[in-house]
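Okay, thanks for having me. I'd like to talk about aromatic rings today, so let's put the structure up.

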Amino acid sequence: MAKRRSAILVLEDGRTFHGEAYGSVGETFGEAVFNTGMTGYQETLTDPSYHRQVVVQTAPHIGNTGVNTEDDESTRLWVAGYVVRDPARVASNWRATGSLEDRLGTEGVVGISGIDTRALTRHLRERGAMRVGVSSVEDDPRALLARVREAPQMVGADLSAEVSTAEPYVVEAEGAHRFTVAALDLGIKRNVPRRLAARGVTTHVLPAHSTIEDLLATGADAVFFSPGPGDPATADGPAALAREVLRRQVPLFGICFGSQILGRALGFGTYKLGYGHRGINQPVLDRVTGKVEVTSHNHGFAVQVPGAAPGAVVPDQVIETEFGGVEVSHVCLNDNVVEGLRARDVPAFTVQYHPEAAAGPHDADYLFDRFAELIEGRGLDRKQSAGRGLDRNHIEGGTNA
C-alpha cells in the first residue's frame with residue numbers, strides 16, 4: 001500500500017495534530033466539533049446542519065461499512081472537514097456501493113486520519129468547540145494557524161439559506177392521505193418527510209425564504225420548521241414567520257434549529273453551548289411521560305428561558321408569553337439544556353433533538369404521532385376539543401411508542 005500524504009490539523013488555540021490525508025487533498029476551515037455516534041457516519045456527513053463544521057468521530061474505526069445510495073439525508077456531503085483515527089482499509093457490507101474515502105474525495109471533503117481523536121475530543125470537551133484548519137498542502141502549523149484565526153466563527157453565522165432547497169418539492173403520503181404539512185427547509189433531513197409519510201402526511205418542502213402565504217397556499221393543515229445550521233440569533237425571517245403561524249393558530253412542530261426558532265418567536269433567547277450535543281446517545285427526560293429517551297442530537301446552540309441560567313435546572317413551570325403559557329417539555333439529563341417546548345394556548349410544540357433519528361435510535365419516533373394527533377384535533381370546536389383532550393392533555397399525551 002502506498003504511503004499516504006501527510007496532513008496537519010490546527011485548532012485556533014494553537015493545539016496541533018499531525019496525521020495523514022483522508023479523502024480530498026487540500027485545505028479546509030470550520031468549527032471543530034465531535035460526534036459520539038458509533039454508527040451512522042453517512043447520515044452525519046450528509047446532514048445539512050453540519051454545514052461549515054469539521055466533524056471529529058470519537059469512534060476509532062470509521063468506514064468499515066462503506067457508503068451506499070440509500071442512506072444519504074440530503075443530496076450531498078455537507079461537513080467542512082472530517083477527522084478519524086483508523087479509516088477502514090476495505091468496505092465490507094452487502095449494501096455498500098463504494099468506499100467512504102472515495103466518496104469524500106469525489107465530493108471534495110478534506111479530511112485527516114491517524115491522529116489521536118480521543119485526545120482531540122478531550123481537548124474540545126475541556127476548551128469548547130472552536131475554529132480549526134485541516135490541510136494536506138501546508139506543512140507549517142503557524143501559517144495554517146494564522147488562516148484559522150481569520151476564518152468566520154459560528155456565532156453570528158446565518159447559514160440556513162445556504163442549505164435550503166432552491167425550489168419547493170412534495171413528498172407524498174404513504175397509503176391513504178390524512179394531512180398536508182408545509183415544511184420550512186432550514187436544513188431538512190430526508191427522514192423527516194419519510195416519517196411523516198408513514199403516518200399519511202403529504203409534505204410540501206419549501207425554501208427558507210418562504211412567506212406565510214407560501215406556506216398556507218399548499219393547503220397545509222400544519223407547519224413544520226426543520227433542523228439546520230448556524231446561529232438562530234441571525235434567523236430573523238424564520239422567527240417572524242413562526243410568529244405569523246402562531247397568530248393564525250396553525251399547528252406547528254419544530255425540530256432542533258426549528259425549536260430554537262420557535263423559542264425566539266415566543267420571546268426567549270438563545271445562546272452558544274460550550275461544545276454542543278452531537279451523537280446518538282444523549283439522554284433526554286420527557287417531562288410529560290416521565291420517560292428518559294436516548295436520542296440523536298446535533299446542535300451547538302440552545303434556547304434560554306426566563307428563570308434558568310445556562311446549565312441550571314430548568315423550573316417545571318408555565319412561562320407566560322405573547323401567545324399564552326409555554327412549558328419546557330424536555331430537558332437534557334447531562335447538562336439541563338432545554339430540549340423541548342410546548343405551548344398550552346396555541347397548537348405548537350418542539351424538540352431540540354432529532355426524532356427522525358437516521359441512523360437511530362428510535363426512542364422519540366412517537367413525536368410524529370403526537371404531531372399527527374395535534375393536527376387531527378384542530379378541526380374540533382372547544383367543547384369537542386375538551387372531550388377529545390385537545391387541551392393540554394391531548395397535546396401532551398401523544399402515542400408512546
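**Rings and their partners**

Let's start with a charge on a ring: the charged end of Arg76 sits over the ring of Trp78, 3.8 Å from its centre. There's another case with a lysine, where Lys272 lies over the face of Phe301, at 5.5 Å from the ring centre. Keep in mind that what you're looking at is a predicted model.

Now, rings against rings. How many aromatic pairs does the structure hold? Six. One of them is Phe224 with Phe253, and that one is edge-to-face, with 5.7 Å centre to centre and 65° between the planes. If you trace the chain, Phe224 is in strand β13, residues 222–225, while Phe253 is in strand β14, residues 252–255, so to speak a link between distant parts of the chain, 29 residues apart. And are these two buried or exposed? Both Phe224 and Phe253 are buried.

Phe253 has another partner, Phe371. Their ring centres are 5.2 Å apart. Why do we call this pair tilted? Because the planes sit at 50°, and tilted covers whatever is neither under 30 degrees, which is stacked, nor over 60, which is edge-to-face. This pair also joins distant parts of the chain: Phe253 in strand β14 and Phe371 in helix α10, residues 366–376, with their positions 118 residues apart. Phe371 is buried, as is Phe253.

Last thing, putting the rings together. Phe224, Phe253 and Phe371 belong to one aromatic cluster, along with Phe349 and Phe368. So when you look at Phe253, look for Phe224 edge-to-face and Phe371 tilted.

How values were computed. Residues are numbered from 1 along each chain as its sequence is written. This is a predicted model: local features need pLDDT of at least 70, side-chain atom pairs count only at pLDDT 80 or more; totals for chains, interfaces and linings use all residues. Side-chain values use heavy atoms; hydrogens and water are left out. Rings of Phe, Tyr and Trp (its six-membered ring) pair if their centres lie within 6.5 Å; planes under 30 degrees apart count as stacked, over 60 as edge-to-face and the rest as tilted. Helices (H or I, at least four residues) and strands (E, at least two) are DSSP runs, numbered from the N terminus. Buried means under 20% relative accessible area, exposed over 50%, partly exposed in between (1.4 Å probe, protein chains only). A charge sits over a ring if NZ of Lys or CZ of Arg is within 6 Å of the ring centre and within 35 degrees of the ring normal.
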